[in-house]
Amino acid sequence: QTTPKPPPQPSPLRNSKFFKSNMRILVTGGAGFIGSHLVDRLMENEKNEVIVVDNFFTGSKDNLRKWIGHPRFELIRHDVTETLLVEVDQIYHLACPASPIFYKYNPVKTIKTNVIGTLNMLGLAKRVGARILLTSTSEVYGDPLVHPQPETYWGNVNPIGVRSCYDEGKRVAETLMFDYHRQHGIEIRIARIFNTYGPRMNIDDGRVVSNFIAQALRDEPLTVQLPGTQTRSFCYVSDMVDGLIRLMEGEHTGPINIGNPGEFTMLELAETVKELINPNVEIKTVENTPDDPRQRKPDITKAKELLGWEPKIKLREGLPLMEEDFRLRLGVPKKK
Ligand code: NAD
Ligand code: UDP
Ligand code: UDP
């Protein structure tokens with residue numbers, strides 16, 4: 001029988017006077033959509049040093065180009081399913097493809113990333129005494145039978161479906177986080193992220209907001225997957241980054257939902273994109289994929305009470321900000 005080990009102590013060097021006010025922060029998946037916005041925010045604080053590790057599966061160096069060569073920044077090509085040796089104070093663990101097209105492309109790799117990748121980052125956190133935040137997902141609620149979803153809901157997930165590598169992968173990742181917390185005293189934070197959108201999303205990554213905006217700009221029909229009455233709640237990326245940092249800096253392990261409770265059907269989203277971006281574009285319905293959740297909306301009572309956080313940017317304000325970025329990248333200037 002093993003007795004629980006005492007919580008790890010920060011290394012004496014990192015705790016010394018010289019380093020006291022400095023923070024060395026690891027961001028896994030920092031070359032991706034949310035990760036690169038998080039890095040931007042962390043780098044604004046001159047006391048932070050940021051290390052990004054990423055295997056560039058869905059992320060890109062381009063997202064970090066303004067920091068490459070900066071003395072407080074380091075970018076390492078690395079796969080989190082392999083052992084990583086670095087000395088850090090905090091770990092934001094985001095590495096994992098988030099778009100269904102990409103996480104279904106190599107499902108075995110997706111589950112390895114979620115399970116072995118999270119295990120490795122927890123082993124690292126244990127060795128160096130770092131606090132670690134996992135970006136989990138609203139997908140842990142599956143096709144929810146409770147609406148909106150509070151953190152106390154255990155979910156309705158198909159364990160053997162085509163989305164399971166992601167949903168169940170994240171559920172195991174959450175379990176690992178709590179087991180390392182209880183067994184080894186690791187300081188953990190779990191964010192359950194709901195659908196997030198904004199500049200730098202992969203243009204062709206298949207997620208609904210990026211699809212609709214790219215289609216509207218290319219004058220192609222907006223593809224609403226059937227039945228079109230399924231709902232999602234969309235959070236603008238700057239609000240998301242705010243929530244993640246508050247969770248990391250606060251005193252609560254979570255899990256805490258971070259998302260925007262504004263709920264839309266996919267048909268409503270298509271109508272909104274049409275109205276704001278291209279009133280002439282056609283809307284068509286297409287086949288859906290298996291196990292698509294029918295409804296999703298975060299209960300953010302906990303985030304409000306424990307983190308003092310709530311989203312500020314409404315969908316109608318966020319879409320034009322994303323449109324601007326997509327126009328630049330697609331080379332489609334706004335008509336005067
Ligand atoms: P993204 O695909 O843009 O970013 C993921 C990053 O992780 C990419 O840069 C990718 O190259 C990297 N990566 C993937 N596998 C890796 C591996 N094995 N080793 C190292 N790097 C690896 O996705 P995102 O939207 O920025 O999502 C970031 C995190 O937030 C993910 O953990 C995702 O599950 C979670 N999340 C996102 C959303 C959303 O709506 N965007 C919703 C819920 C949860
Ligand atoms: N690990 C890592 N970096 C570290 C420490 C550990 O990547 O700095 C990995 C290590 O390869 C191991 C995992 O984290 O596979 C879990 O480590 P832990 O020490 O908890 O377990 P053990 O090595 O005893 O199985
Ligand atoms: N969807 C759609 N058209 C598209 C892409 C997606 O109608 O071109 C729908 C999809 O069926 C789902 C919702 O939009 O109901 C959100 O899908 P996404 O892949 O963006 O995220 P997730 O399913 O992970 O929430």
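Two exercises with worked solutions follow.

This is a predicted model, in which local features need pLDDT of at least 70, side-chain atom pairs count only at pLDDT 80 or more, and totals for chains, interfaces and linings use all residues. Residues are numbered from 1 along each chain as its sequence is written, while chains are lettered from A and ligands numbered from 1 in the order in which they are written.

**Exercise 1.** Describe how helices H8 and H10 cross.

Solution. Helices (DSSP runs of H or I, at least four residues) and strands (runs of E, at least two) are numbered from the N terminus. H8 covers residues 266-277 and H10 residues 315-330; their axes come within 11 Å and cross at roughly 60°. Axes are lines fitted to C-alpha atoms, for helices over the stretch in contact, and angles run from 0 to 180 degrees between N-to-C directions. H8 is therefore oblique to H10; angles under 35 degrees count as roughly parallel, over 145 as roughly antiparallel, 65 to 115 as roughly perpendicular and the rest as oblique.

**Exercise 2.** Which elements supply residues to the shell around ligand 3?

Solution. Start with the residues near ligand 3, that is, with a C-beta atom, placed from the backbone, within 6 Å of it. Of these 13 residues, Arg207, Val208, Asn211, Gln225 and Met266 come nearest. Next, assign the elements: helix H6 (208-217) and strand E8 (222-225) each supply at least two residues of this shell. E8 gives the most, with 3 residues.

For ligand 1, the shell has 28 residues, and Gly29, Gly32, Thr58, Gly59 and Ala98 are the closest. Its largest share, 3 residues, comes from H2.
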